[in-house]
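Got your viewer open? Load the model and follow along, one selection at a time.

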Amino acid sequence: MSILIDENSRVVVQGLTGREGQFHALRNKAYGTNVVAGTRPGKGGENVEGIPIFDTIKDAVSETNADVALTFVPPSFAKEAVLEAAFGGCKLIVCITEGIPAKDEAEMYDILKKETDSLLLGPNCPGLISPGKANVGIMPHEITLPGNIGVVSRSGTLTYQAVHELTKLNIGQSTCIGIGGDPVPGMSFIDVIEKFEKDDDTNGIVMIGEIGGTAEEEAAEYIKKNISKPVVSYIAGVTAPPGKKMGHAGAIVSGNKGTAKVKIQELTSAGATVVKTPTEIGEAMKEAISG
Amino acid sequence: MDLFEYQGKLLYKEFDIKHPNSKLLKNLIEIQESVELSYPIVVKAQVQVGGRGKAGGIKIANNHEELIKYSDEIMGMDIKGHIVEILLLEEASKILEEYYISFTLDRSEKKYLIMLSSKGGMDIEKVAEDNPDDLIKHHIGASEELTEDIIHEIIGKAKLNQEYTKSITDIIQNLFLMFVKGDCDLVEVNPLAITDAGVMALDSKVALDMNAKYKHSYFEDFEKEIPIPESEKNAKEKGLNFIKLDGSVGIIGNGAGLVMSTLDVVAENGGNAANFLDIGGGAKAETVSAALEVLEADKNVKSVLINIFGGITRCDLVAEGIVEATKGKDLVWPIVIRLDGTNSSEGLEILKNNPNEKIFIEESMDSAARLAVERGA
């Protein structure tokens, strides 16, 4: 098994006719993903290398039974596109788009949560891959290997780095997920590791975090209480200069949290193995699952 | 992007938020004869750093003579490394009560957060720590409305003067509108004051969400008025995400997470990074040569580490950029390169075919960092 996507997922691509959308959708398709449709208002009836285009998500879903939306539309249209996908019946929406205003993200999140049961991954994320089954997003599948480790990360390139370290040691992955680093991400670390814990084919979890925000601290608390599988973690930004604080308001909200030191401490005390460099992720996981 | 106080107040005007009458001063000649404001006038240094009051950057002038004197003193002043080039002259109001209010996004709740306190005009972080009950926090979902009822409720909880409930409610509504419709990351007013001239926002601390630049034409105007550190100007013009640091190992990488991690690994190996430079996703050859040019300008750099993990970024294009920027050149410092991911074997081939005695290739991020630290020692 894997989480969120597998060989049965049926993907509709929003913005399939755009340069990036087309490039990655075709790569995903070539990997074996069921890319069943694309949308682009005004271009319904056309096709991109055999993938039919529809004017709306609703049409695409009723014609093709698509259940996962992959979004590449520009930032100014992203909120509407994600909501259209959710209300059109897609259960998972993967939003790659970078540069969406925070207010749009917050509003989109609030509406999704109150009015739908769709899950949103991203925005500003690399997507996810269940190796050997489906790739929905922009991750390079060449570095992955089918197996039993779940990978979740806030950063794109560090996700690749972590996956690469696992594959080098012949440790395969069940699903690799980039949740994105924007102010209001859809799925959080907790949402993803909860699914990894329940997944019978995931034996261990790699969690890659970075400085800023409190998502890692919250995940640490969750891991302590709810996760029985081994967790290997890496936090980037130990030596990074302190970022700007959002006035006094920001300082009050984040308190003493957000630094790499606090994140590492809390993850360690939650029972996770926290490594010092990404290169050590592979060995640490090898040890964790053999023990 | 953090705004100057006067820029925040231009937004107040736009959103009908009452604030003192004022004049912006860039040249002292403008007030030589007279000024169209009534005394007393507060002279405020416009700098993007806290503690200007203590540093002598705020003074109250009671007449024209004092206005000239104080303006002259404050203009050009160095406040924690920031030179004062702009003054804000404001009519001083008689303050009866001082409150604190802020609007921001609480990332862990994924909701907007309004904080209100009757203890304004002082260090609000200290209030939050010593008397947390004096700081009222209210979360609101981004698709919800901030109704009068909610505002009345928080005004009551914060124990603000009930006599002014109507004007405080109005100003809170407009500040919230400015926060949401104006795409601000932060709107913080300390103090929000009851004065003899009514309820007013006396200060402004505003940060804009630059992702929303396409929605508002004035974002760009504000941006032009904000000075960029000399060391980062060149990089900014080239569209690179660059931050100057104190060490000697120049860093180029793709993706903020990987670059941050590269700084850490350099430190693990006993070195110190000279900068943070993210060439982003999908970087082309030109981007890489531009990045190398930016590092050339930094005299502290002793060695360079290029750490690339190709996803959308293609390693062969990065390699072409490196060759283009270094071919036939007598390099000032050694460059250690690590390429992995999309098209890495093609990239390594390109580098091998264009050897340079100061370019070294390493297989892992750790060994590359180690060598870069060694070579720069």
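Into which domains does the domain assignment divide chain A? Two ranges to colour: domain 1 covers 10-121, and domain 2 covers 127-290. Keep in mind while you click around that this is a predicted model.

**Stop one: inside chain A.** Put a centroid on each domain, using C-alpha atoms, and you'll get 26 Å between domain 1 and domain 2 of chain A. Now look at where they meet: 17 residues of domain 1 are in contact with 15 residues of domain 2. On the domain 1 side, select helix 1 (19-31), strand 5 (68-71), helix 4 and strand 7 (119-121) of chain A, each of which brings at least two residues to the contact with domain 2. Helix 4 gives the most, with four residues. Colour that domain 1 side by residue type and you'll find 12 nonpolar, four polar and one charged.

**Stop two: between the chains.** Bring chain B into view. Here 49 residues of chain A are in contact with 51 residues of chain B. To find the chain A side, select helix 3 (75-87), helix 4 (102-115), helix 5 (156-168) and helix 8 (247-254), since each supplies at least two residues to it. By type, the chain A residues touching chain B split into 26 nonpolar, 16 polar and seven charged. Helix 4 of chain A is worth a second look: it appears on the side facing chain B and also on the domain 1 side that touches domain 2.

**Stop three: chain B itself.** Colour domain 1 (20-91), domain 2 (95-224) and domain 3 (230-376). The C-alpha centres of domain 1 and domain 2 of chain B lie 26 Å apart.

Notes. Residues are numbered from 1 along each chain as its sequence is written. Chains are lettered from A and ligands numbered from 1 in the order in which they are written. This is a predicted model: local features need pLDDT of at least 70, side-chain atom pairs count only at pLDDT 80 or more; totals for chains, interfaces and linings use all residues. Two residues are in contact if their C-beta atoms, placed from the backbone, lie within 7 Å. Ala, Val, Leu, Ile, Met, Phe, Trp, Tyr, Cys and Pro count as nonpolar, Asp, Glu, Lys and Arg as charged, and the others, Gly among them, as polar. Domain bounds come from an automatic or database domain assignment.
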